[in-house]
Amino acid sequence: MLDLSGEVDLQSSPELRATLQARVKAKCPVLLLNFEGVTYLDSSGLATLIEYYQNSRPFGGKFILYGLPPRIQNVFEIARLEQIFSIHPDEASALAELRP
């Protein structure tokens, strides 16, 4: 699980990208991203998330986002990414997706 906070933008995306690339290299089977503390998300942040999603598909990685503030949720909806990403309102709901 990763807790994100503050702005996920052009300045912070490279650090997030490095963290996510390490998870891809380790073939992390499940990654939960907590967005509760995120105040801003730009296109570079979205691109970083999309890249992780694409890179985790070959090994069947599960990628779940939760706790998106309404403003951030709106960004995903405008980009229609809620149709691609698994998005949940809270951690309990996200974890429930992992149960058989």
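## Salt bridges, sheet and helices in a predicted model

Counted by a distance rule between charged side chains, the structure comes to 2 salt bridges. The structure is a predicted model, and the values that follow are computed from its atoms.

One of the salt bridges joins Glu 51 to Arg 17, with 2.7 Å between the closest N and O atoms. Because Glu 51 belongs to helix H2 (residues 43–56) and Arg 17 to helix H1, this pair ties together parts of the chain that lie 34 residues apart in sequence. Glu 51 has a relative accessibility of 21% and therefore counts as partly exposed, and Arg 17, with a relative accessible area of 35%, is partly exposed as well.

A salt bridge is also formed between the side chains of Glu 97 and Lys 62, at 3.5 Å from N to O. Here the link runs between helix H4, which holds Glu 97, and strand E3, which holds Lys 62, and the two residues are 35 residues apart. Glu 97 is partly exposed at 28% relative accessibility, while Lys 62 is partly exposed with a relative accessible area of 34%.

The table sets out the accessibility of these residues beside that of others discussed below.

| Residue | Relative accessibility | Class |
|---|---|---|
| Glu 51 | 21% | partly exposed |
| Arg 17 | 35% | partly exposed |
| Glu 97 | 28% | partly exposed |
| Lys 62 | 34% | partly exposed |
| Leu 95 | 32% | partly exposed |
| Ala 94 | 0% | buried |
| Lys 27 | 54% | exposed |
| Arg 80 | 57% | exposed |

### The sheet and the helices on it

The model contains an open sheet of 4 strands, arranged in the order E1-E2-E3-E4 with parallel pairing. Strand E1 (2–8) and strand E4 (86–88) are the edge strands, each of them pairing on one side only. On average, and with direction ignored, neighbouring strands of this sheet are turned by 30° against each other.

Strand E2 (residues 30–41) pairs with strand E3 (residues 62–66) in the parallel sense, over 5 bridges. Within this pairing, Asn 34 has Tyr 66 of E3 as its bridge partner, and Leu 33 stands opposite Leu 65, also in E3. Of the 5 residues of E3, 4 are buried, so this strand is largely enclosed by the rest of the structure. Lys 62, the salt-bridge partner of Glu 97, lies in this strand but is itself partly exposed.

Helix H3 (residues 70–78) lies across E2, E3 and E4, and runs at about 110° to E2.

### Helix H4 and its surroundings

Helix H4 (residues 91–98) contains Leu 95, and Ala 94 is found in this helix too. These two residues can be set side by side by their accessibility: Ala 94 is buried, with a relative accessible area of 0%, whereas Leu 95 is partly exposed at 32% relative accessibility. Leaving aside residues up to four places away in sequence, Ala 94 touches Leu 32, Ile 64, Tyr 66 and His 88. Tyr 66, one of these contacts, is the residue of E3 that serves as bridge partner to Asn 34. As for distance along the chain and through space, Ala 94 and Gln 21 are 73 residues apart in sequence and 22 Å apart from C-alpha to C-alpha.

Leu 95 takes part, together with Val 30 and Leu 98, in a nonpolar surface patch of about 180 Å². Helix H4 thus appears in this account with a buried residue, Ala 94, a residue of the nonpolar patch, Leu 95, and a salt-bridge residue, Glu 97.

### Loop residues with positive phi

Most residues other than glycine have a negative phi. Against that background, two loop residues deserve a look. Lys 27, which lies in the loop between H1 and E2, has a positive phi near 50° although this residue is not a glycine. Lys 27 is exposed, at 54% relative accessibility. Arg 80, in the loop between H3 and E4, likewise has a positive phi, of about 60°, without being a glycine. Arg 80 counts as exposed, with 57% relative accessibility.

Methods: Residues numbered from 1 in each chain as written. Predicted model: local features only at pLDDT ≥ 70, side-chain atom pairs only at ≥ 80, totals over all residues. Heavy atoms only, no water. Patch = residues over 30% accessible without salt bridge, like charges linked within 9 Å, V, L, I, M, F, W, Y side chains within 5 Å. Areas by Shrake-Rupley, 256 points an atom, 1.4 Å probe, with all protein chains shown as cover. Salt bridge = Lys/Arg side-chain N within 4 Å of Asp/Glu carboxyl O. Buried < 20%, exposed > 50% of the residue type's maximum accessible area, 1.4 Å probe, protein only. Pairing = 2+ DSSP bridges. Axes fitted to C-alpha atoms, helices over the stretch in contact; angles between N-to-C directions. Contact = heavy atoms within 4.5 Å.
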